[in-house]
Amino acid sequence: MQGKKIKYLLVAAFLLMIAACSHNAVYSDYKSIPDARWNKDSVARFTVNITETGTPCNVLVNIRHNNTYPYQNFWMFIATTTPDGKTTQDTIECYLADNRGKWLGSGLSSVYNMPVLFKPNTAFTKPGKYTFAIRQGMRDDLLPGITDIGIEIDKADKPR
């Protein structure tokens, strides 16, 4: 009986931690990269319906990769389309490993997640659907080791 109580308390504590961490989440989603080999012509698209405008948000790109990723850095091209059809293009470089080859970000076993702050303290000015289209910007036609790519939008309690 004592073991069941402890198990229930651990589950309850875990659920409270999840709820506490996600109270600022506006949107979060991932797209899986087939066979962890991202084709340079493949685009990961995220369509986000923004209803609340004027509130500062942080837009992050989450990169999940495994130990087969062959480089220290990662380049990506991001096209953002607003509800009125205007598109902006950004080129982002981030580092997935330090100079000694140790993976950055958080990880379990051989899968790592690296959040990249894309647009800090961004206030969406128009309600509606925003589309984020992400392509890998490395020289490889098939980039190994990237397992998932995601977009996360959180309300900005404090500047990052």
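## Salt bridges and strands in a predicted model

The side chains of K119 and D90 come together in a salt bridge, with N to O at 3.6 Å. K119 belongs to strand β8 (residues 111-123) and D90 to strand β6 (residues 87-95), so this pair ties together parts that are 29 residues apart in sequence. With a relative accessible area of 28%, K119 is partly exposed. Keep in mind as we go that this is a predicted model.

Why might such side chains meet at all? Side chains of opposite charge can pair when their charged atoms come close. Searching the whole structure turns up six salt bridges, and two others are worth a visit.

Let us go next to D141 and K40, whose side chains form a salt bridge of 3.2 Å, N to O. D141 sits in the loop between β9 (128-136) and β10 (142-144), while K40 sits in the loop between β2 (37-39) and β3 (44-50), so the pair ties together parts that are 101 residues apart in sequence. Both ends turn out to be partly exposed: D141 has a relative accessibility of 48%, and K40 has one of 36%.

The other stop is D148 and R64, a salt bridge in which the closest N and O atoms are 4.0 Å apart. Here the link runs between distant parts of the chain, from D148 in strand β11 (residues 146-155) to R64 in strand β4 (residues 56-66), 84 residues apart. Is each partner buried or exposed to some degree? D148 counts as buried, at 15% relative accessibility, whereas R64 is partly exposed at 27%.

What about disulfides? The search of the whole structure finds zero of them. As for individual cysteines, C57 is buried, with a relative accessible area of 5%, and C94 is buried as well, at 7%.

Now step back to the overall architecture. The protein has one helix and eleven strands, and along the sequence the pattern reads α-β-β-β-β-β-β-β-β-β-β-β. Four of the strands make up an open sheet in the order β3-β9-β5-β6, with antiparallel pairing. In this sheet β3 and β6 stand at the edges with a single partner strand each, so one side of each has no neighbour in the sheet. From one strand to the next, the twist averages 20 degrees.

Inside that sheet, the antiparallel strands β5 and β9 are joined by six bridges. If you want to follow the pairing residue by residue, look at M76, whose bridge partner in β9 is Q136.

Strand β5 (residues 73-81) also holds T80, which is buried, with a relative accessible area of 11%. Which residues does T80 touch, leaving aside its neighbours within four places in sequence? T80 is in contact with K86, T87, T88, F118, T131 and F132. T131 and F132 fall within β9 (128-136), T87 and T88 within β6 (residues 87-95) and F118 within β8 (residues 111-123).

To finish, consider the protein as a whole. Among contacts between residues at least 6 apart in sequence, 79% join residues at least 24 apart. Buried residues account for 35% of the 160 residues. The protein exposes about 9900 Å², and carbon and sulfur atoms supply 55% of that area.

Terms used. Residues are numbered from 1 along each chain as its sequence is written. This is a predicted model: local features need pLDDT of at least 70, side-chain atom pairs count only at pLDDT 80 or more; totals for chains, interfaces and linings use all residues. Side-chain values use heavy atoms; hydrogens and water are left out. Helices (H or I, at least four residues) and strands (E, at least two) are DSSP runs, numbered from the N terminus. Buried means under 20% relative accessible area, exposed over 50%, partly exposed in between (1.4 Å probe, protein chains only). A disulfide is a pair of cysteine sulfur atoms within 2.5 Å. Contact means heavy atoms within 4.5 Å. Two strands pair if DSSP finds at least two bridges between them. Axes are lines fitted to C-alpha atoms, for helices over the stretch in contact, and angles run from 0 to 180 degrees between N-to-C directions. Accessible areas come from the Shrake-Rupley method with a 1.4 Å probe; for residues, only the protein chains shown count as cover.
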